[in-house]
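Here is a set of short exercises to work through with the model open beside you. Try each task before reading its solution.

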Amino acid sequence: PNAVPRPLSLSARPLYRQEPFLAAARNDRAASTAPPAATADGARPVETAAAPEAMKSAKIGVYFATWWALNVIFNIYNKKVLNAFPYPWLTSTLSLAAGSAIMLVSWATRIAEAPQTDLDFWKALSPVAIAHTIGHVAATVSMAKVAVSFTHIIKSAEPAFSVFVSRFFLGEHFPLPVYFSLLPIIGGCALAAVTELNFNMIGFMGAMISNLAFVFRNIFSKKGMKGKSVSGMNYYACLSMLSLVILLPFAFAMEGPKVWAAGWQNAVAEIGPNFVWWVAAQSVFYHLYNQVSYMSLDEISPLTFSVGNTMKRISVIVASIIIFRTPVQPVNALGAAIAILGTFIYSQVTHLTRLTYLTTYVRKQANQNLTLKLLLTSCCRQSS
């Protein structure tokens with residue numbers, strides 16, 4: 001224990017499963033012990049992984065394209081609904097309810113395999129669900145008050161919140177390059193906020209609270225869900241259901257059926273039957289885009305996911321500006337570009353820092369003549 005310092009927690013993804021690391025290593029080890037079959041003349045064929053790698057790359061590409069498209073569609077319909085029906089608590093509740101219903105039907109009809117959970121699983125998931133609920137509602141409140149593009153510009157500052165929370169609440173230390181990579185994120189968000197034409201303090205604070213809540217969600221997820229083997233799809237389904245249970249009483253207290261009924265009548269009278277379609281679309285697409293993002297975590301690395309998340313924000317910002325014809329000043333666009341570029345730089349720096357740390361750790365452990373299994377187990381623990 002005294003041989004190495006405390007590891008860095010730089011990954012932003014929820015750690016809900018770890019066994020695949022060791023399983024993949026065991027499979028690779030078993031495969032390496034089986035020599036390729038010899039040909040008739042005794043020569044061994046040269047095996048190539050080009051086809052499997054191409055298929056994997058295509059699969060990841062499909063995941064990313066689907067993730068970005070669903071996210072853009074959700075944000076557009078979500079903003080349309082909130083413009084006509086400015087009740088973010090009910091809108092947030094409907095999003096979680098739609099996802100919960102979809103997964104319950106999928107489990108009941110055997111379309112998806114139901115997860116094997118116990119009471120300890122739900123206890124560990126509770127703080128994750130609380131943080132997820134707060135972040136989801138706060139983001140919806142922000143979307144109701146400001147432009148979609150502005151909300152996503154502010155939400156690109158989540159890496160800065162992650163570092164500060166880890167530093168001041170968890171006592172973790174980061175190398176200087178990580179802190180320097182936060183400067184363009186903070187500076188870009190500040191420049192975008194100052195030059196925003198339709199600035200609203202409630203909308204700004206909603207996006208900031210959402211950032212903070214999602215950081216704590218990731219921290220609780222990594223600490224509480226460690227070692228629990230649940231697929232990404234089922235993990236998010238369980239998270240949605242528990243978040244729905246938490247959110248319902250607060251939604252009734254903050255807004256209530258009377259307010260919802262009056263607002264619904266006004267929206268239908270103003271928009272027509274299309275409003276019902278908008279509500280259904282934003283609810284379903286919210287679950288689908290989150291579902292795909294969690295499923296992609298099973299296939300890609302944290303770095304690839306971070307880069308994909310950065311590109312997702314760019315697509316949402318650009319699409320929302322075009323569709324809603326949001327007025328943007330050149331200085332405001334510059335601030336957004338700096339902030340998004342900063343998130344990309346942060347993901348690259350944290351990845352390089354992580355590799356440097358693990359490389360040093362592996363070299364130290366390799367000198368102790370550990371078995372492959374013990375070495376991989378130790379490395380996975382340090383990586384997490």
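A residue counts as buried when its relative accessible area is under 20%, as exposed when that area is over 50%, and as partly exposed in between. Keep in mind that this is a predicted model.

**Exercise 1. The overall fold**

Task: Work out how many helices and strands the protein has, and what share of its residues is buried.

Solution.
- Step 1: The secondary structure amounts to 14 helices and 0 strands.
- Step 2: Following the sequence, the pattern is therefore written with α alone: α-α-α-α-α-α-α-α-α-α-α-α-α-α.
- Step 3: The protein has 384 residues, and 47% of them count as buried.
- Step 4: Take the contacts with a separation of 6 or more; 87% of these join residues 24 or more positions apart.

**Exercise 2. A serine in α6**

Task: Decide whether S166 is buried or exposed, and find what its side chain reaches.

Solution.
- Step 1: Locate S166 in helix α6, which covers residues 158-168.
- Step 2: The relative accessible area of S166 is 4%, so this residue is buried.
- Step 3: A polar atom of the S166 side chain lies 2.8 Å from the backbone oxygen of S162.
- Step 4: Setting aside residues up to four places away in sequence, S166 touches G171, E172 and F174.

**Exercise 3. A serine in α9**

Task: Carry out the corresponding analysis for S243 and list its contacts beyond the neighbours within four places in sequence.

Solution.
- Step 1: S243 sits in helix α9, residues 232-254.
- Step 2: With 0% relative accessibility, S243 counts as buried.
- Step 3: The S243 side chain reaches the backbone oxygen of L239 at 2.8 Å.
- Step 4: Once neighbours within four places in sequence are left aside, the contacts of S243 are L96, A129, H132 and T133.

**Exercise 4. How α4 packs on α5**

Task: Describe the packing of α4 and α5 by angle, axis distance and handedness.

Solution.
- Step 1: Two packed helices are described by the angle between their axes and the distance between those axes.
- Step 2: For α4 (residues 119-145) and α5 (residues 148-155), the angle is about 140 degrees and the axes are 8 Å apart.
- Step 3: Angles over 145 degrees would count as roughly antiparallel; α4 and α5 are therefore oblique to each other.
- Step 4: The crossing in which α4 passes α5 is right-handed.
- Step 5: On the α4 side, A139, S142 and M143 take part, and they meet V148, T151 and K155 of α5.
- Step 6: By type, the residues of this contact are 3 nonpolar, 2 polar and 1 charged.

**Exercise 5. How α6 packs on α7**

Task: Describe the crossing of α6 and α7, then sort the contact residues by type.

Solution.
- Step 1: The axes of α6 and helix α7 (residues 176-194) come within 9 Å, crossing at roughly 135 degrees.
- Step 2: From this angle, α6 and α7 are therefore oblique to each other.
- Step 3: Their crossing is left-handed.
- Step 4: From α6, the contact uses P159, A160, V163, F164 and R167; from α7, it uses V178, Y179, L182, I185 and I186.
- Step 5: The contact residues of α6 with α7 comprise 9 nonpolar, no polar and 1 charged.

**Exercise 6. Positive phi in two loops**

Task: Find where R110 and R325 lie, and state whether each is buried or exposed.

Solution.
- Step 1: Most residues other than glycine have a negative phi.
- Step 2: R110 has a positive phi near 65 degrees, and R325 has a positive phi of about 50 degrees.
- Step 3: R110 is in the loop between α3 (88-108) and α4, while R325 is in the loop between α12 (302-324) and α13 (330-366).
- Step 4: R110 counts as exposed at 74% relative accessibility, and R325 is exposed with a relative accessible area of 74%.

**Exercise 7. Far in sequence**

Task: For W260 and I323, work out how exposed each is and how far the C-alpha atom lies from that of F85 and I76, respectively.

Solution.
- Step 1: W260 belongs to helix α10 (residues 257-271) and is buried, at a relative accessible area of 12%.
- Step 2: W260 and F85 are 175 residues apart in sequence, yet their C-alpha atoms are 8.6 Å apart.
- Step 3: Not counting residues up to four places away, W260 touches F85, Y87, L90, A251, F252 and E255.
- Step 4: I323 lies in helix α12 and is partly exposed, with a relative accessible area of 44%.
- Step 5: I323 and I76 are 247 residues apart along the chain, with 8.0 Å between their C-alpha atoms.

Technical notes: Residues are numbered from 1 along each chain as its sequence is written. This is a predicted model: local features need pLDDT of at least 70, side-chain atom pairs count only at pLDDT 80 or more; totals for chains, interfaces and linings use all residues. Side-chain values use heavy atoms; hydrogens and water are left out. Axes are lines fitted to C-alpha atoms, for helices over the stretch in contact, and angles run from 0 to 180 degrees between N-to-C directions. Helices (H or I, at least four residues) and strands (E, at least two) are DSSP runs, numbered from the N terminus. Angles under 35 degrees count as roughly parallel, over 145 as roughly antiparallel, 65 to 115 as roughly perpendicular and the rest as oblique. A crossing is left-handed if the near helix is turned anticlockwise from the far one by less than a right angle, and right-handed if clockwise. Contact means heavy atoms within 4.5 Å. Ala, Val, Leu, Ile, Met, Phe, Trp, Tyr, Cys and Pro count as nonpolar, Asp, Glu, Lys and Arg as charged, and the others, Gly among them, as polar. Buried means under 20% relative accessible area, exposed over 50%, partly exposed in between (1.4 Å probe, protein chains only). A polar contact is a pair of N or O atoms within 3.5 Å; within protein, one must be able to donate a hydrogen and the other to accept it, and residues adjacent in sequence count only if both atoms are side-chain atoms.
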